[in-house]
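Colleague: Got a minute to walk me through this model? I'd like to go piece by piece.
Modeller: Sure, pull it up and ask away.

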Amino acid sequence: MIKTPLLTTSILTLSASFLLGGTALADDEYDVKAYGPKSEIVWNKPIKASFAHKVHTMGAGMDCSSCHDDIFSMQRGVAIQSKKFTMKAMAEGEFCGACHDGDTAFATDTNCMACHTVAEEPLVWHEPTKASFSHTAHVEEYELECSSCHSGTFAMKKGAATANNDFTMAAFKEGKYCGSCHNGDDAFDSATQCESCHYPPTEKIVFTQPVKSVVFDHKIHVTKAELSCESCHKEVFTMKKGTIEGEELVFSDDPAEKRKYLVNLHNKYCGTCHDSSQAFGYLTRCTVCHIGVKGFNQMSGQDSATDGHGKSGH
């Protein structure tokens with residue numbers, strides 16, 4: 001059949017009418033008085049959660065009187081404003097826990113994703129070092145339940161771990177916090193694969209002791225040389241910014257004693273790799289790291305002319 005432009009337009013108009021009519025009919029079929037609000041109720045505190053009336057009324061066949069007014073007031077916001085609307089209260093049979101007790105319906109400490117949504121943005125800590133955690137990776141990729149970590153390992157409250165003052169790598173090693181799973185058996189050991197959580201520093205580190213000034217760039221080692229953090233931050237350097245820990249500085253006018261001290265220092269730290277075998281020897285290409293006062297001033301944007309000999313700065 002040959003369709004004329006007029007016929008085609010008529011068909012499209014009629015189709016659109018049926019579509020709109022069907023949508024209106026679907027809206028008319030939903031009885032707000034019988035099934036409650038059609039849109040979900042969303043709470044953002046203490047954490048994000050949602051509730052759908054129609055799942056309980058249309059889906060589970062409950063009446064509005066099943067919850068209102070004995071369990072919940074027929075006024076939006078009353079529960080959250082009472083400051084008693086908590087998981088603990090629900091576990092004691094209040095609010096949602098009146099039905100979600102494990103018998104009438106699933107318990108409130110199970111099937112968390114029925115009400116709670118996984119945070120899309122990762123959690124980021126800045127102290128003691130910058131690190132991040134992705135709920136999405138653990139829930140969606142590794143198919144863990146929220147109850148795998150909450151509330152036995154982590155409290156369901158943002159900032160609770162860091163507030164304890166023991167949220168450290170040492171605690172992980174003892175099986176606390178992330179270390180309860182990241183033990184080398186259930187998941188990779190917390191002392192390995194550091195880049196999974198930690199961010200390598202982007203700024204160069206400048207040491208001013210025992211000599212001035214020595215520069216170190218994480219980017220060259222991690223990105224260009226493709227070294228892992230644990231290559232150094234396990235046996236060689238502690239994961240703490242500052243002067244080399246536990247190293248007593250030696251000051252001597254004796255060149256031989258000074259040289260012996262510096263050789264031992266290099267062998268203990270950077271020299272573990274910079275031995276002319278794995279990387280260039282520390283006795284060669286000294287100016288790659290040792291930039292001196294003049295180099296430090298140039299790097300920091302200061303005028304270095306006054307640090308040299310004479311007006312020329314040489």
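Colleague: Where is K158 found?
Modeller: In the loop between helix 6 (135-141) and helix 7 (160-163). Keep in mind that this is a predicted model.

Colleague: Is K158 buried or exposed?
Modeller: Exposed. Its relative accessible area is 74%, and over 50% counts as exposed.

Colleague: How many residues apart in sequence are K158 and L123, and what about in space?
Modeller: They are 35 residues apart in sequence. In space, C-alpha to C-alpha, they are 8.9 Å apart.

Colleague: And S50, buried or exposed?
Modeller: S50 is buried, with a relative accessible area of 17%. The cut-off for buried is under 20%. S50 is in strand 2 (residues 49-51).

Colleague: What does S50 touch, leaving out residues up to four places away in sequence?
Modeller: E40, I41, V42, W43 and C115.

Colleague: Which residues does I41 touch, on the same terms?
Modeller: A49, S50, F51, H53 and R76.

Colleague: Now the largest nonpolar core. Which residues make it up?
Modeller: Ten in all: I41, W43, A49, C67, F72, A79, F85, A89, M90 and F95. Strand 1 (41-43) and helix 5 (87-91) are the elements that give two or more residues to this core. Another core, of eight residues, lies apart from it. W125, A161, A171 and F172 are among its members.

Colleague: Why would residues like that group together?
Modeller: In soluble globular proteins, nonpolar side chains tend to be buried together.

Colleague: On to rings. How many aromatic pairs does the count come to?
Modeller: Eleven aromatic pairs. Take W43 and F85: the ring centres are 5.2 Å apart and the planes are at 50°, so that pair is tilted.

Colleague: Which parts does that W43 and F85 pair tie together?
Modeller: W43 lies in strand 1, and F85 is in the loop between helix 4 (78-81) and helix 5. The pair therefore ties together parts that are 42 residues apart in sequence. Both W43 and F85 are buried.

Colleague: Which residues form an aromatic cluster?
Modeller: W125, F154, F167, F172 and Y177 form one.

Colleague: What lies over the face of Y199?
Modeller: K130, at 4.6 Å from the ring centre. There is also R285, whose charged end sits over the ring of F280, 4.4 Å from its centre.

Colleague: Cysteines next. How many disulfides does the count come to?
Modeller: Zero. C146 is in no disulfide, and its nearest cysteine sulfur, that of C112, is 4.3 Å away. A disulfide needs the sulfurs within 2.5 Å. C146 is buried, at 16% relative accessible area.

Colleague: Why is there no bond between C286 and C289?
Modeller: The sulfur of C289 is the closest cysteine sulfur to that of C286, but at 8.7 Å it is too far for a bond. C286 counts as partly exposed, because its relative accessibility is 38%.

Colleague: Last topic, confidence. What is the mean pLDDT of the protein chain?
Modeller: It is 82, and 85% of the residues reach 70 or more.

Colleague: Which elements have the lowest and the highest mean pLDDT?
Modeller: Helix 1 (residues 5-29) has the lowest, 45. Helix 3 (residues 53-59) has the highest, 94.

Colleague: Where does pLDDT stay under 50?
Modeller: Over residues 1-25, for which the model has two contacts beyond four places in sequence. Over residues 306-314 the pLDDT is also below 50. That stretch has eight contacts beyond near neighbours in sequence.

Terms used:
Residues numbered from 1 in each chain as written. Predicted model: local features only at pLDDT ≥ 70, side-chain atom pairs only at ≥ 80, totals over all residues. Heavy atoms only, no water. Core = buried A, V, L, I, M, F, W, Y, C linked by side-chain atoms within 4.5 Å. Buried < 20%, exposed > 50% of the residue type's maximum accessible area, 1.4 Å probe, protein only. Helix = DSSP H or I, 4+ residues; strand = E, 2+ residues; numbered from the N terminus. Contact = heavy atoms within 4.5 Å. pLDDT = per-residue confidence, 0-100. Phe/Tyr/Trp six-rings, centres within 6.5 Å; stacked < 30°, edge-to-face > 60°. Lys NZ or Arg CZ within 6 Å of the ring centre and 35° of its normal.
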